[in-house]
Amino acid sequence: MTLLKLFLDSADPEKIRRALDFYPLDGVTTNPTILSRQNTELLPLLKELRKITEGKLLFVQVTADKSDDMVREAHLIADRLGGDLCIKIPATEEGLRAIKILSRDGISTTATAVYSVSQAILAAAAGADYVAPYMSHIDNLCLDSAQVAGDMAKLFREHYPKTNVLAASFRVAEQINRAVLCGVGAVTVAPEMLPVMIGNRGTEAELESFEKNWSSVYGDKSVGDLI
């Protein structure tokens with residue numbers, strides 16, 4: 001059985017460090033927008049992210065729009081950073097050619113900004129390791145993003161077992177739940193989404209009750225103080 005993979009969608013070193021400390025993450029995803037928000041030199045930032053995520057998967061996206069240039073950038077990223085990397089390539093005609101070439105070269109790829117099952121089919125056939133549908137963006141088109149991602153996942157299980165759906169661009173936690181229940185193999189979430197996923201008023205109420213009942217008998221002493 002393949003376990004669900006959970007990634008953090010961020011390029012903020014401090015947020016990544018904290019998230020990796022508290023949450024069971026498999027790696028970090030970035031894109032040009034997320035990287036540009038840091039407003040700093042790119043290579044030192046990427047090297048810092050590589051160091052923070054050592055032993056985990058780091059996703060970095062090319063910015064070229066022609067396949068030969070995408071391939072060149074992908075090899076440059078891999079040479080400069082090393083480690084467990086996945087290169088994000090846009091789901092375009094030029095991107096498909098780049099994915100085919102990089103797959104032959106042994107470089108892991110993600111087809112990104114995917115909106116349709118037909119794009120997913122072509123990306124998987126080209127050799128992509130991941131296909132990343134943008135969930136909120138698909139919902140904005142009046143489509144059911146969970147159903148679209150679930151259809152991709154079913155297709156991959158039956159025909160392209162090497163490829164996983166990496167669901168991205170969530171606006172609310174319920175979108176994550178629905179995507180996972182529809183069978184996606186991986187999700188990437190913003191740092192701000194993690195406390196929403198773990199937080200629950202019901203849990204907080206139970207803890208308040210535990211504390212009240214405990215303190216009525218044992219005061220402010222902890223279990224560690226008493227055993």
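The following paragraphs describe the fold, three helices, the largest pocket and some single residues of a predicted model.

Local features are reported at a pLDDT of at least 70 and side-chain atom pairs only at pLDDT 80 or more, whereas totals for chains, interfaces and linings use all residues. Residues are numbered from 1 along each chain as its sequence is written, and side-chain values use heavy atoms, with hydrogens and water left out.

The protein contains twelve helices and eight strands, where helices (H or I, at least four residues) and strands (E, at least two) are DSSP runs numbered from the N terminus. Taken along the principal axes, its C-alpha atoms fill a box of roughly 70 × 40 × 30 Å. Of the 227 residues, 43% count as buried; here buried means under 20% relative accessible area, exposed over 50%, and partly exposed in between, with a 1.4 Å probe and protein chains only. Among contacts (heavy atoms within 4.5 Å) with a separation of 6 or more, 56% join residues 24 or more positions apart.

Helix α4 is a convenient place to start. Its 15 residues, 67–81, should span 21 Å at 1.5 Å a residue, and the end C-alpha atoms are indeed 21 Å apart; the expected span is 1.5 Å times one less than the number of residues. Ser 67, Met 70, Val 71, Glu 73, Ala 74, Ile 77 and Leu 81 are buried in α4. Seen down the helix axis, these buried residues fall within an arc of 165 degrees, so they line one face of α4; the arc is that of the directions from the helix axis to the C-beta atoms. As general background, an α-helix has 3.6 residues a turn, so residues three or four places apart point the same way. Asp 68 and Asp 79 are exposed on the other side of α4. The partners of the buried residues are α3 (42–52), β3 (57–61), β4 (85–90) and α5 (93–104). Just after the helix, Gly 82 adopts a positive phi of about 65 degrees.

Helix α3 can be read in the same terms. Its buried residues are Leu 45, Leu 46, Leu 49, Arg 50 and Ile 52. They cover an arc of only 165 degrees around the axis, which puts them on the same side of α3. The elements covering them include α1, α2, β3, α4 and β4.

In helix α6 (residues 117–126), the buried residues are Ala 120, Ala 123, Ala 124 and Ala 126. Their arc around the axis is only 160 degrees, which puts them on the same side of α6. They pack against α5, β5 (109–114), β6 (130–133) and α8. Gly 127, just after α6, has a positive phi of about 115 degrees.

Turning to empty space, the largest pocket has a volume of about 480 Å³. Of the 26 residues that line this pocket, Asp 9, Asn 31, Ile 34, Arg 37 and Ala 190 are the closest to its centre. Two or more lining residues come from each of α2 (32–36) and β8 (186–189). On a 1 Å grid over the protein atoms alone, a pocket is an open set of points where a 1.4 Å probe fits, with protein on both sides within 12 Å along at least five of seven lines, and lining residues have an atom within 4 Å of a point. Grid points are joined across faces, edges and corners, and the volume is the space filled by probe spheres set on the points. By class, the lining comprises eleven nonpolar, nine polar and six charged residues; Ala, Val, Leu, Ile, Met, Phe, Trp, Tyr, Cys and Pro count as nonpolar, Asp, Glu, Lys and Arg as charged, and the others, Gly among them, as polar.

Several single residues also deserve a look. Cys 142, in the loop between α7 (135–140) and α8 (145–159), has a positive phi near 65 degrees although it is not a glycine. This residue counts as exposed, at 74% relative accessibility. Ser 169, likewise not a glycine, has a positive phi of about 60 degrees and is found in the loop between β7 (164–167) and α9 (173–181). At 22% relative accessibility, Ser 169 counts as partly exposed.

Ala 167 lies in strand β7 and is buried, with a relative accessible area of 0%. Leaving aside residues up to four places away in sequence, Ala 167 touches Pro 133, Met 135, Ala 179, Val 184, Ala 186, Val 187 and Thr 188.
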